[in-house]
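Biologist: I am new to this structure and should be grateful for a close look at a single part of it. Please choose one buried residue, describe its surroundings, and then place it within the chain as a whole.

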Amino acid sequence: KRKDYYRSLGYFDEDRKRPIPETIRRIGVVTSPTGAAIRDILNITRRRAPGIDILIFPAAVQGEGAKEEIAMRIRQASMFSAADVLIVGRGGGSTEDLMAFSEPEVIEAIHECSIPVISAVGHEIDWPISDFAADRRAPTPSAAAELVTETAYRRSERLTSDLMLLNSLMRSKVLKAESRCRGMESLRPLLETHPY
């Protein structure tokens, strides 16, 4: 019923979903600061795009008060335009554990957020209502980290490839120059006996 209600209000409409920015300098993450989700996000981002900043908005992700904390942190990030994209999520758990991400407070905070939101809750089989309200769904927090670092990672790979090519070309030029120098050196005795 809740899902149908928010669908009827247009919260899930595709035409209101914003694209994830191509260039991301800072990622905001609303999650538990001690959970597996933030560790995965930090590890993947450091490996794939170490130049991107991560700003953690700590919130309880289950139990009493979780829905209010998650909603409050989303609104804080939005109010201060604190990041280029916001990941809202947690690792896996039971349906009851994930319930906070289907509560009206969280759904409305996501809908009103000025920053593009990625919902990354649980595992691939989990579909809380936040997944429908967000601009993008990621099946896991790790997948969300890969998604937001994709452009930076591709750019880094291209740069590495270009540097390797440049290095190879420079090495080839140096070897050719050395070969020419050796050839000139072999002509020295001839030039000394016949200067003109």
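Modeller: A contact, as the word is used here, means heavy atoms within 4.5 Å. The model is a predicted one, and in its protein chain, among contacts between residues at least 6 apart in sequence, 71% join residues at least 24 apart.

The residue chosen for the close look is Ile70, which is found in helix α3, a helix that spans residues 66–79. Buried means under 20% relative accessible area; Ile70 has a relative accessible area of 1%, and therefore counts as buried. Leaving aside residues up to four places away in sequence, Ile70 touches Val30, Ala59, Ala60, Val61, Val88, Ala100, Phe101 and Val106. A further reference point is Ile129: Ile70 and Ile129 are separated by 59 residues in sequence, and their C-alpha atoms are 14 Å apart in space.

The helix that holds Ile70 belongs to a chain with 7 helices and 5 strands. Followed along the sequence, these elements give the pattern α-β-α-β-α-β-α-β-α-β-α-α. The radius of gyration of the protein chain is 27 Å, well over the 16 Å that the globule rule gives for 196 residues, so the chain is more spread out than a compact globule. Along the principal axes, the C-alpha atoms fill a box of roughly 100 × 35 × 30 Å.

Ile70 is buried, and buried residues make up 38% of the 196 residues in the protein chain. The accessible surface of the chain comes to about 11700 Å², and carbon and sulfur atoms account for 55% of that surface. As for charge, the chain has 28 positive and 28 negative charges, whose mean positions are 7 Å apart.

The aromatic rings complete the picture. A search of the whole structure finds 4 aromatic pairs. One of them joins Tyr6 and Tyr11 in a tilted arrangement, with 5.0 Å from centre to centre and 40 degrees between the planes. Both partners are buried: Tyr6 has a relative accessible area of 2%, and Tyr11 has a relative accessibility of 11%. Trp127 and Phe132 form another tilted pair, with 5.5 Å from centre to centre and 40 degrees between the planes. Tyr5, Tyr6 and Tyr11 form one aromatic cluster.

Technical notes:
Residues numbered from 1 in each chain as written. Predicted model: local features only at pLDDT ≥ 70, side-chain atom pairs only at ≥ 80, totals over all residues. Heavy atoms only, no water. Helix = DSSP H or I, 4+ residues; strand = E, 2+ residues; numbered from the N terminus. Buried < 20%, exposed > 50% of the residue type's maximum accessible area, 1.4 Å probe, protein only. Rg over C-alpha atoms; globule rule 2.2 N^0.38 Å. Areas by Shrake-Rupley, 256 points an atom, 1.4 Å probe, with all protein chains shown as cover. Lys, Arg positive; Asp, Glu negative; His and termini not counted. Charge placed at Lys NZ, Arg CZ, Asp CG, Glu CD. Phe/Tyr/Trp six-rings, centres within 6.5 Å; stacked < 30°, edge-to-face > 60°.
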